[in-house]
Amino acid sequence: MSTGTTTRSGGPTTLPVLRYVPGLLLLAVVGIVGTLAQNEVRALGKATGTALPDLEYVLWAIILGLVIRNTIGVPALFRPGVATYEFWLKIGIVLLGARFVLGDLLKLGGLSLGLILIDMAVATTVILLVGKLFGLGGKLSSLLAIGTSICGVSAIIAGRGSIDADDEDSGYAIAAILALGAVALFTFPLIGHALNLSDTQFGLWAGLAVDNTAETTATGAAYSPHAQDVAVAVKSTRNALIGLVVLGYAAYWSTRGGKAVASGPKERAAFVWRTFPKFVLGFLAVSALATAHVFTKAEVTSLGNLSKWAFLLCFAGVGLNFDLRQMARSGFRPLVVAALGLVVVATCSLGLVLLTSQWVTFG
Amino acid sequence: MGAEPEPKPAPRISADWAAVAVAAVLVLLAAFGLLPTITFLVK
């Protein structure tokens, strides 16, 4: 995931935090309109007996944001606040920990870790091979493989410095991963419903196969709240592996025109810690508190609803930050390679989920 | 003349830690029974 927050201060006479207010209000308005659209369209369909598209608020909010961004645009006044969407995603994930029993989380994490390792091997092999076939540079293919197998944008950002890739390569890789995240967001729920996947199966699948954490969370939420919970837990396991995977690529590229990011064990441990997504620790800590019955049932519900509010701001931001023109400029070949990678990973993950999900009794 | 000491960069925390800190405040409020009932717009 990319870090959506910026820390530059405003002018000497303005409170820096005020820069974020207009954009935050826009995120809230777009998100709330998304929930109203879901409720109103459902009510209208019920009242008139017509089969209107039953879209979840997640998709309404993202579509609305996308339309705003790509028609009238997002004025500069709103951009600092709109760019904070991943900050809200992280808060939402930490608070979501209240809805998990630690034992379930460890079981889910253990199972998904095995599946993630298989997926990673498949994604890496396919993308590096197809990248070679399409004449992509080795570093661009590596970035696409890192982004597809682990955590989308933030893994690419961590990988960029480590394998000494140039800005153009990382720009292509990020654009391709974001574009495919958006495709997955709209296609995965349709496929899940067509295959009659259970909420747990769908959550596992989305957590394993959708590239960027915001899109993974939204894809799960577009299916059901339970699918979202499972998707976030599985994706957090994937995210936790960023440091190790990037370190592996860095070691490979250090003798092939990259740079040595960490020479000794101490430096390697420091690198893994630096790239580790700290909000995963918060998620586990809150889950441990919930497991210890620190919260009442009503408090767990309130924390869960706060998490939904935080996700709502994030989903609005996903749409408002998605610039179709920028995606179109990102180049055709990286997109095709990443798309083939996504198809292979999605198919492989789905097969693994169908094979193994019988072992998961959760929630 | 000695050079001016370079100003120290302002202490910054990562977005990850900032998110954990904000969530921690809400979790502490809940743990102490001070979090009001929060509802969501979609059931």
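**Figure 1. The exposed residue A:Asn196 in the loop between helix 8 and helix 9 of chain A.** A:Asn196 counts as exposed because 8 C-beta neighbours lie inside 10 Å, and a residue is called exposed at 12 or fewer. The residue belongs to the loop that connects helix 8 with helix 9 of chain A. Its phi is positive, at about 60°, although A:Asn196 is not a glycine. This view and those that follow show a predicted model, for which the scores are ipTM 0.83 and pTM 0.86.

**Figure 2. A:His293 in the loop between helix 14 and helix 15 of chain A.** The residue has 9 C-beta neighbours inside 10 Å and therefore counts as exposed. A:His293 is not a glycine, yet it takes a positive phi of about 60°.

**Figure 3. Helix 9 of chain A and the helices around it.** Helix 9 covers residues 199–209, and 11 of its 11 residues are buried, so this helix is largely enclosed by the rest of the structure. Among the buried residues are A:Asp199, A:Thr200 and A:Gln201, together with A:Phe202, A:Leu204 and A:Trp205. A:Gly203 and A:Gly207 are buried as well, as are A:Ala206, A:Leu208 and A:Ala209. The packing partners of these buried residues in chain A are helix 5 (102–133), helix 8 (167–194), helix 10 (213–223), helix 11 (225–240) and helix 17 (332–356).

**Figure 4. Helix 5 of chain A and its residue A:Ile127.** Helix 5 consists of 32 residues and reaches 44 Å from its first C-alpha to its last, close to the 46 Å expected at 1.5 Å a residue. Just after the helix, A:Gly135 adopts a positive phi of about 75°. Within helix 5 lies A:Ile127, which counts as buried because it has 28 C-beta neighbours inside 10 Å. Leaving out residues up to four places away in sequence, A:Ile127 touches A:Ser141, A:Leu144, A:Ala145 and A:Thr148, and also A:Val337 and A:Gly341. A:Gly304 is separated from A:Ile127 by 177 residues in sequence and by 37 Å in space, C-alpha to C-alpha.

**Figure 5. A:Tyr172 in helix 8 of chain A.** This tyrosine is buried, with 25 other C-beta atoms within 10 Å; the cut-off for a buried residue is 20 or more. The C-alpha atoms of A:Tyr172 and A:Leu144 are 8.8 Å apart, although the two residues are 28 apart in sequence. A:Leu144 is also one of the residues touched by A:Ile127 of the preceding figure.

**Figure 6. The largest nonpolar core and the surroundings of A:Cys314.** This core has 123 residues, and those with the most contacts inside it are A:Ala61, A:Val94, A:Leu95, A:Cys314 and A:Phe315. Apart from its neighbours within four places in sequence, A:Cys314 is in contact with A:Tyr85, A:Glu86, A:Trp88, A:Leu89 and A:Gly92, as well as with A:Ala214.

**Figure 7. The fold of chain A as the setting of the close-ups.** Chain A has 17 helices and 0 strands. Its radius of gyration is 20 Å, close to the 21 Å that the globule rule gives for 363 residues, so chain A is as compact as a globular protein of that length. The C-alpha trace spans about 65 × 55 × 45 Å along its principal axes. Buried residues account for 53% of the 363 residues. Of the contacts in chain A between residues at least 6 apart in sequence, 82% join residues at least 24 apart.

**Figure 8. The contact between chain A and chain B.** At this interface, 30 residues of chain A are in contact with 21 residues of chain B. On the chain A side, helix 1 (21–48), helix 4 (85–96), helix 14 (279–291) and helix 15 (297–320) each supply at least two residues. Helix 15 gives the largest share, 8 residues. Sorted by class, the side of chain A that touches chain B has 16 nonpolar, 10 polar and 4 charged residues. Chain B itself comprises 1 helix and 0 strands, and 19% of its 43 residues count as buried. The mean pLDDT of chain B is 81, with 72% of its residues at 70 or more.

Terms used. Residues are numbered from 1 along each chain as its sequence is written. Chains are lettered from A and ligands numbered from 1 in the order in which they are written. This is a predicted model: local features need pLDDT of at least 70, side-chain atom pairs count only at pLDDT 80 or more; totals for chains, interfaces and linings use all residues. Two residues are in contact if their C-beta atoms, placed from the backbone, lie within 7 Å. Helices (H or I, at least four residues) and strands (E, at least two) are DSSP runs, numbered from the N terminus. Ala, Val, Leu, Ile, Met, Phe, Trp, Tyr, Cys and Pro count as nonpolar, Asp, Glu, Lys and Arg as charged, and the others, Gly among them, as polar. pLDDT is the predictor's confidence in each residue, from 0 to 100. The radius of gyration is taken over C-alpha atoms; the globule rule is 2.2 Å times the number of residues to the power 0.38. The expected span of a helix is 1.5 Å times one less than its number of residues. A nonpolar core is a set of buried Ala, Val, Leu, Ile, Met, Phe, Trp, Tyr and Cys residues joined through C-beta atoms within 7 Å.
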